[in-house]
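User: I'd like to go through this model feature by feature. Could you show me how to read each one?

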Amino acid sequence: MHAFITLGLGIAIAFIPVPASAMRFADVLKDHSPPGGNLVQNPATEVLGPPDGIVAQFQEVDLTTPGFVTVEFTGSAIEDAPGNDFFIHLIDWTVSENEIFLVFASLGGEVFESIGSSGIPTGSAEAPITIGFDLASANLSSASFIKIVNGRIATSCCESPDIDAISAIPEPSTLILLAFGLSVLAVRIPRT
Ligand SMILES: [Ca+2]
Ligand SMILES: [Ca+2]
Ligand SMILES: [Ca+2]
């Protein structure tokens, strides 16, 4: 019986469209290396807010220190739920440009734990791609700061991923509450 209820709930959650209000995005720039890039020179703030197709790139600090950006979620921390907990939204993440990067997370913004590497780029030229990361990779139960560090230094071209946005994945409990709220609303709406 319990299995059926769980299955039913899982299916219900899978079919609930995530409302815009449930989505949260990095909203403050904590720190970054010089913004730049071989083609575009957008301001660093382009990594904040919802994905809009406009990216920022971060160049190396010096010949031994790769570029980076650190952002903060000021509303509430990202919580570790089963599976991935946040997305990094990129554009033009291609094998040929090899914009591999490393990801770190922190609750207080001082001590960062390694979430892991992006791995080899799998995107297409000029196309958007979203990559999920799991706080459990660093044994973190929650995090308010995400740091993205370039995986290599290439002063001539293309070391830095083209970052559009960073988003928190809504927790299942949030979606259950939303679904419950919607069903209560549906019950209370008088029929005409
Ligand atoms: Ca997780
Ligand atoms: Ca690129
Ligand atoms: Ca953007």
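Analyst: We'll start with the overall layout, then take the sheets, single strands and a few loop residues in turn. Keep in mind that this is a predicted model.

User: Fine. How many helices and strands are there, and in what order do the elements run?

Analyst: The chain holds 2 helices and 11 strands. Reading from the N terminus, the order is α-β-β-β-β-β-β-β-β-β-β-β-α. Of the 192 residues, 31% are buried.

User: And what share of the contacts joins residues at least 24 apart?

Analyst: Taking contacts between residues at least 6 apart in sequence, 75% join residues at least 24 apart.

User: Now the sheets. What is the strand order in the open sheet of 5 strands?

Analyst: Walk across the sheet from one side to the other, not along the sequence. Here that gives S2-S3-S10-S6-S7, with antiparallel pairing. S2 (28–32) and S7 are at the edges with a single partner strand each, so one side of each has no neighbour in the sheet. On average, neighbouring strands in this sheet are turned by 20° against each other, direction ignored.

User: How do I follow the pairing through the middle of that sheet?

Analyst: Go pair by pair and look for the bridges. S3 (residues 68–72) is joined to S10 by 5 bridges, antiparallel, and Val71 sits opposite Ile146 of S10. Next, S10 (residues 145–150) pairs with S6 over 6 bridges, again antiparallel; there Ser106 has Phe145 as its bridge partner. On to the edge: S6 and S7 (residues 113–117) run antiparallel and share 4 bridges, with Ala105 partnered by Glu113.

User: What about the turn between S6 and S7? How many residues lie between the strands of that hairpin?

Analyst: There are 6 residues between the two strands, and among them Gly109 has a positive phi near 90°.

User: Which residues of S6 are on the covered face, and which on the uncovered one?

Analyst: The general idea first: in a regular strand, side chains alternate between the two faces of the sheet. In S6 (residues 101–106), Phe101, Val103 and Ala105 make up the covered face, while Leu102, Phe104 and Ser106 make up the uncovered one.

User: Let's do the other sheet. Which strands form the open sheet of 4, and where are its edges?

Analyst: The order is S1-S11-S5-S8, and the pairing is antiparallel. S1 (24–25) and S8 (128–133) are the edge strands, each pairing on one side only.

User: What does S5 do in there?

Analyst: Look at both of its sides. Toward S8, S5 (residues 86–91) makes an antiparallel pair over 6 bridges; His89 stands opposite Thr130, and Phe87 has Gly132 as its bridge partner. Toward S11 (residues 162–168), 6 bridges join the strands, which also run antiparallel. On that side, Phe86 is opposite Ala168.

User: Now phi. Why would I flag a positive value?

Analyst: Because most residues other than glycine have a negative phi. In this model, Asp92 has a positive phi near 60°, and Asn139 has one near 55°. Asp92 is in the loop between S5 and S6, whereas Asn139 is in the loop between S8 and S9.

User: Is Asp92 buried or exposed? And what about Asn139, buried or exposed?

Analyst: Count the C-beta neighbours within 10 Å; 20 or more makes a residue buried, and 12 or fewer makes a residue exposed. Asp92 has 21, so Asp92 is buried. Asn139 has 8, so Asn139 is exposed.

User: One last residue. Where is Ser142, and why does Ser142 count as partly exposed?

Analyst: Ser142 lies in strand S9 (residues 142–143). Ser142 has 13 C-beta neighbours inside 10 Å, so this serine counts as partly exposed.

User: Which residues does Ser142 contact, leaving aside neighbours within four places in sequence?

Analyst: The contacts are Ala77, Ile78, Glu79, Asp80 and Leu107. Take Asp80 as the example: Ser142 and Asp80 are 62 residues apart in sequence, yet 5.6 Å apart in space, C-alpha to C-alpha.

Conventions
Residues are numbered from 1 along each chain as its sequence is written. Chains are lettered from A and ligands numbered from 1 in the order in which they are written. This is a predicted model: local features need pLDDT of at least 70, side-chain atom pairs count only at pLDDT 80 or more; totals for chains, interfaces and linings use all residues. Two strands pair if DSSP finds at least two bridges between them. Axes are lines fitted to C-alpha atoms, for helices over the stretch in contact, and angles run from 0 to 180 degrees between N-to-C directions. Two residues are in contact if their C-beta atoms, placed from the backbone, lie within 7 Å.
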